[in-house]
Amino acid sequence: MRRPIVAGNWKMHTDLASAVALAKAVRAELADESAVDVVLIPPFPFLAAVAEAVAGSPVGVGAQDCRAESAGAYTGDVSPPMIASTGAAFCVVGHSERREYHAETNAGCNAKIRALLAANLTPIYCVGERLDVREADGTLDLVETQVRAGLDGLSAAEAVKLVLAYEPVWAIGTGKVATPKQAQEVHAHIRSVLTDLFGADTADAVRVQYGGSVKADNARELLTRPDIDGALVGGASLRAFDFASIVRAVRP
Ligand code: PGA
């Protein structure tokens with residue numbers, strides 16, 4: 001049985017005061033959550049304050065990106081050990097907005113995933129196709145390539161610690177959500193790739209979130225499909241009640 005995980009990616013929203021207020025509001029909504037892992041993913045400058053705001057509650061914290069190196073002359077970058085030192089336990093890797101605006105590659109994601117695991121952080125590795133790829137019937141091949149390259153060289157013991165997120169790029173922030181059937185098809189394919197790479201036991205244990213216009217009113221239908229283990233939520237994670245409603249919708 002995989003434990004569902006719902007993460008709220010705040011992207012480049014909030015300021016220090018509103019980030020702390022949102023974290024406290026989510027904490028109040030989900031103070032007794034015991035069936036779903038919940039993660040808040042604020043911008044870097046607010047990680048420590050958000051971690052403090054949810055400390056001692058079931059709500060966890062993650063970062064939106066990292067650099068693969070631990071330290072060095074990399075102005076503007078943030079390393080996994082820095083993230084860990086704030087109290088965060090998760091980090092998104094390869095979000096489509098990073099792939100698009102920062103030219104992130106699968107190989108670069110692989111390096112970040114290894115660095116995060118070495119720092120005892122849980123990577124949330126994002127994969128997903130653009131609309132032209134879906135229309136050309138290339139979705140499963142592209143996602144398979146992203147998974148194989150991103151997880152290249154990992155052992156089964158490492159892979160089991162990962163979270164994956166399938167996010168069709170055409171569904172992110174557009175209100176155009178994948179149908180449960182479309183999402184389940186890709187999730188099942190991801191699991192078959194994981195089985196090929198790491199064996200059935202590991203593939204069965206790895207959680208694969210869906211992301212892309214998940215809202216309170218479509219969450220249950222999507223997130224109760226057999227290979228969908230929760231959600232990576234953007235827009236709807238900026239309102240505590242809406243985000244908490246998505247968490248409630250995925251409770252087993
Ligand atoms: P969205 O974003 O829920 O606003 O579509 C999802 C994401 O980018 O993770």
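A pocket, for this talk, is an open set of grid points with protein on both sides within 12 Å along at least five of seven lines, and its lining residues have an atom within 4 Å of a point. Keep that in mind. The model is predicted.

Start with the second largest pocket. Its volume is about 220 Å³. Fourteen residues line this pocket, and Met 1, Arg 2, Pro 4, Leu 223 and Ile 228 lie nearest its centre. By class, that lining has seven nonpolar, two polar and five charged residues.

Now the largest pocket. Its volume is about 600 Å³. The lining counts 26 residues. Nearest the centre are Phe 44, Gln 64, Asp 65, Arg 98 and His 102. Two helices to look at here: H4, residues 96-101, and H5, residues 106-118. Each of them supplies at least two residues of the lining. By class, the lining of the largest pocket divides into 10 nonpolar, seven polar and nine charged residues.

Next, enclosed space. How many cavities of 30 Å³ or more are there? The count is one. That cavity has a volume of about 120 Å³. Its lining has 15 residues. Lys 11, Ser 213, Val 233, Gly 234 and Gly 235 lie nearest the centre of the cavity. The class split for this lining is five nonpolar, seven polar and three charged.

On to the ligand. Thirteen residues are around it. Which come nearest? Lys 11, His 95, Glu 167, Gly 173 and Ser 213. Some names come back here. Lys 11 and Ser 213 are among the residues nearest the ligand, and they are also among those nearest the centre of the largest cavity.

Now look at backbone atoms facing ligand oxygens. A polar backbone atom of Gly 173 is 2.6 Å from an oxygen atom of the ligand. For Ser 213, a backbone N or O atom lies 2.7 Å from a ligand oxygen. For Gly 234, a backbone N or O atom lies 2.8 Å from an oxygen of the ligand. Gly 234 is another residue from the cavity lining.

Two single residues to finish. Take Asp 227. Asp 227 sits in the loop between helix H11, residues 216-223, and strand S8, residues 230-233. Is Asp 227 buried or exposed? The relative accessible area of Asp 227 is 14%, so this residue counts as buried; the cut-off is under 20%. The side chain of Asp 227 makes a polar contact with the side chain of Arg 191, at 2.6 Å. Leaving out residues up to four places away in sequence, Asp 227 touches Arg 2, Gln 184, His 187, Ala 188, Arg 191 and Val 208. You have met Arg 2 already, as one of the residues nearest the centre of the second largest pocket.

Last one: Glu 69. Glu 69 is in the loop between strand S3, residues 59-63, and helix H3, residues 80-85. Its relative accessibility is 33%, so Glu 69 counts as partly exposed. The side chain of Glu 69 makes a polar contact with the side chain of Arg 67, at 2.8 Å. Which residues does Glu 69 touch, not counting those up to four places away in sequence? Tyr 74, Ser 79 and Pro 80. One distance to close on. Glu 69 and Pro 81 are 12 residues apart along the chain, and their C-alpha atoms are separated by 9.3 Å.

Technical notes. Residues numbered from 1 in each chain as written. Predicted model: local features only at pLDDT ≥ 70, side-chain atom pairs only at ≥ 80, totals over all residues. Heavy atoms only, no water. 1 Å grid on protein atoms, 1.4 Å probe; cavity = no way out; pocket = protein on both sides within 12 Å on 5 of 7 lines; lining within 4 Å. Points joined across faces, edges and corners; volume = space filled by probe spheres on them. Nonpolar A, V, L, I, M, F, W, Y, C, P; charged D, E, K, R; others polar. Helix = DSSP H or I, 4+ residues; strand = E, 2+ residues; numbered from the N terminus. Buried < 20%, exposed > 50% of the residue type's maximum accessible area, 1.4 Å probe, protein only. Polar contact = N/O pair within 3.5 Å; in protein donor to acceptor, adjacent residues only side chain to side chain. Contact = heavy atoms within 4.5 Å. Near = heavy atom within 4 Å.
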